[in-house]
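Thank you all for coming; I would like to walk through one model this morning, and I suggest that you keep the sequence and the structure open while I talk.

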Amino acid sequence: MNEQNYNFKEIESKWQKRWEEDKIFKVDEDPSKKKYYLLEMFPYPSGKIHMGHVRNYTIGDVLARFKKMQGYNVLHPMGWDAFGLPAENAAIKHGVHPVRWTIDNISYMRKQLNMLGLSYDWEREIATCNQKYYKWSQWIFLKMLEKGLAYRKKGFVNWCNSCQTVLANEQVEDGLCWRCESVVVQKELEGWFLKITDYAEELLKGCERLASGWNERVLTMQKNWIGKSYGAEVDFPVEGSDKAIKIFTTRQDTIFGATFMCMSPEHPLVSELVKGTGQEDAVKKFIEEISREDKRMRSAEETEKKGVFTGRYAINPMNKEKIPIWLANFVLIEYGTGAIMSVPAHDQRDFEFAKKYNLPIRIVIVPEIPPHPPLEKGGWGDLKEAFTGEGSLINSRQFNGLNSREALDKIGDYLRDNKIGKKTVNYRLRDWGISRQRYWGTPIPVIYCDTCGVVPVPYENLPVILPTDIDFPPDGKSPLVNNEKFIKVKCPKCKSDARRETDTMDTFICSSWYFLRYTSPRYEDYPVKNEAVKYWMSVDQYIGGIEHAVLHLLYARFFTKFLNDIGLVNTDEPFTNLLTQGMVVKDGAKMSKSKGNVVDPDDIIDKYGADTARLFILFTSPPEKDLDWNDQGVEGAYRFLNRVWRLVTEFKDSREQGGKKSSLEPLNPQTLEPIRRITHITIKRVTEDIEKRFHFNTAISAIMEFVNVLYQIQGSGVNSEFREAINTLIILLSPFVPHIAEEMWEMMGNKGSVTKEPWPSYNPEFIKSEEMTIIIQINGKVRSRVTVSADISDDDLKNTVLLDMKVKEWTIHKEIKKFVIVPKKLVSIVI
């Protein structure tokens, strides 16, 4: 590095220290200012930040600094999602207590974040493992218990043998634990659940309101997870028993075609049904086999259909026909009632199952217009595949001849009138199991008394403190189970001996409301302070990975709606706008230790500085796309910063050498107009790229073009217009590379922090330009023309073309394979 290169280590250390001393990012409620709440998903304190963290937090920091300079009162906090399995696993593996492991990691990671120059109000820092935080998680649980939303039940749960704990459905990925990637099995346990299903319809309707600010893919994932469907519930009596099997179907029009029933292996009636049938061993073996399979793969179309006969029969309530009851791998306890009527002629999974086990197939719907469903031998009883379309009913008694769509309502009414069943709405969403058989989590605040039963811990006795004087057994089981000091307690009601709950809460509880606590992190009377939460909520911009679409984001919406219902908060949606950033990849794969392609942020900061790391990450790719790491790109970012540094230092030196006379020297008109024009064009482009599109890469590109022009003009004289252009350049750079911007701002003789400067506005009169007409070709033929500014950017031109009505007519519902811009002339689209 030559002597002209700026000393980033000295500069970055200097400004980080000054920001901290001046508390420049500290913020309070100010009703006279418009607020802006900017938040990135808080990290788990795993030990070191990775490039994914750097990208996430740098994106947020640009927006926070930008909004602050626009005059907003910006809340930009940081904290730690500090409970969880890794801390406990580290304790077992290395003998380090989870408290010490977590605190040490937080301390190191906080130092790393500060080295990046992030504009956090550290006075609002929270850690979910702090009892002053989890006290209020327990308080919220008790409120849910009070309102009937928290309850205890026994049932089959996802169990990870490696982690020795229960997992929510959303925490099982392809049959594996989301944390350790061990195979997840089904296990029957008693535990605590939250009735998120009571909010299913509200959560679904809320998706429509969020459409303008949320990623469509995330909303689609949430809608699919909630899974609303219309149909009917029908009771099928079990032959020779007073029991009935309740099924949910969206195709009650096919009920006369039900030739057998299928139940989930986890269905609570199974053990009772098979008793005394001679099928007990076969059923037990089948259940054990299926318990080791991934639930999502079990229901996938391509998965082989497997089943076992229970030895029992049910009665079809519509035609009184006796039909066999089977267990099937593709029937899940989580959907509907955990049992289905099987109509093989009109459902492909049932068809494949019937073919495999030689079960009868009866057609009850035929097409009203040919072609007919494919047949094997020409007869209606020999289908090659299930016919799932609309048609007319046959073999359906009094409903014969009805259109199948009409029959849905008619048969639904018949079920209701004859007390056989009813039309209903079903949701795929299931209640949230929150009990975890681990130590490092929030204790569940209930007590078990032999006399009084389940007793909530009184509010005034919160928090139930997680003990720290414990030893960890090597088998991974929770040490709370054998901690007599923690377990033994007096019943709050009858004062007799009782015992505490030893399960802890799912860590997603902690992250379901942390954004609310940031509004008043030291408040001691309630989880949030009324005035503060009213001022700050909702979060204006939330940033994080799409992998949290049906975990954290859904749970956070559920908690916010509940807390709104009990009057604690003033909104029922936590995040107005959501940005899901892409991954950081290297050598074609996501960075990971196992692939050996990890880049340590500390190494980059040490070699090039934080501003270079920030600039590279922001310039290389739009936030929503994956970022492909490139060492040459980092070098390029560093060279650009040094180029800007030299531009500013040379201007400063020439001004000092020329004295006062030189500083007043006017630019000639031929130079003055271009410098004003490029300055105001750059202000416009950078502002719109940050504010409207989050296209930081094109904003930086505009700044680079600005620098090129300034270098060209540099020798034309030292004057106030050029000085203004340099100052504007520094201000525009400051959200992206704040340390070097502060130093250059000070070098230029300006007072105070550049962060406190107002964001510049452009003068439309200075950026007027000639217009040009662009021809638009689609598949080689001229289909439209648009008139645009002569200096329009490629991105803006593409957006303008795609919004053109004639282009929309030709491209709607079609894939655009190519979009080619011939500068100043035409756009060629291939569809």
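Leaving aside its neighbours within four places in sequence, which residues is Thr-682 in contact with? They are Ala-702, Ile-703, Phe-706 and Leu-732, where contact means heavy atoms within 4.5 Å.

Before I go further, a word on the source: this is a predicted model, in which local features need pLDDT of at least 70 and side-chain atom pairs count only at pLDDT 80 or more, while totals for chains, interfaces and linings use all residues. Residues are numbered from 1 along each chain as its sequence is written, and side-chain values use heavy atoms, with hydrogens and water left out.

To return to Thr-682, this residue sits in helix H20, residues 669–693; helices (H or I, at least four residues) and strands (E, at least two) are DSSP runs, numbered from the N terminus. Thr-682 is buried, at 2% relative accessibility, and by buried I mean under 20% relative accessible area, with exposed being over 50% and partly exposed in between, for a 1.4 Å probe and protein chains only. A polar atom of the Thr-682 side chain lies 2.6 Å from the backbone oxygen of Ile-678.

Now the chain as a whole. It has 25 helices and 34 strands, its C-alpha trace spans about 110 × 80 × 50 Å along the principal axes, and 55% of its 831 residues count as buried. Among contacts between residues at least 6 apart in sequence, 73% join residues at least 24 apart.

One helix deserves a separate remark, namely H18, residues 610–620, which is largely enclosed by the rest of the structure because 9 of its 11 residues are buried; among them are Asp-611, Arg-614 and Phe-616.

Next, the empty space inside. Rolling a probe the size of a water molecule over the atoms shows where empty space is left. A cavity here is a set of points, on a 1 Å grid over the protein atoms alone, where a 1.4 Å probe fits but cannot get out, and lining residues have an atom within 4 Å of a point; grid points are joined across faces, edges and corners, and a volume is the space filled by probe spheres set on the points. The count comes to 3 cavities of 30 Å³ or more, and the largest holds about 170 Å³ of space. Its lining is made up of 17 residues, of which Gly-84, Leu-85, Arg-436, Asp-506 and Thr-507 lie nearest the centre. Helix H3 (85–94), strand E6 (165–167) and strand E25 (504–505) each supply at least two lining residues, with the largest share, 3 residues, coming from E6.

Helix H3 also has an inner side to consider: Leu-85, Ala-87, Glu-88, Ala-90 and Ala-91 are buried there, and the buried residues of H3 pack against helix H4 (98–115) and E6. Just after H3, Gly-95 takes a positive phi of about 75 degrees.

Finally, the cysteines. With a disulfide defined as a pair of cysteine sulfur atoms within 2.5 Å, the count comes to 0 disulfides. Cys-177 is in none, as the nearest cysteine sulfur, that of Cys-180, is 3.8 Å away, and Cys-177 is buried, with a relative accessible area of 2%. Why does Cys-449 form no bond with Cys-494? The sulfur of Cys-494, the closest cysteine sulfur to that of Cys-449, is 3.6 Å away, which is too far for a bond; Cys-449 too counts as buried, at 5% relative accessibility.

Note on methods. On a 1 Å grid over the protein atoms alone, a cavity is a set of points where a 1.4 Å probe fits but cannot get out, and a pocket is an open set with protein on both sides within 12 Å along at least five of seven lines; lining residues have an atom within 4 Å of a point. A polar contact is a pair of N or O atoms within 3.5 Å; within protein, one must be able to donate a hydrogen and the other to accept it, and residues adjacent in sequence count only if both atoms are side-chain atoms.
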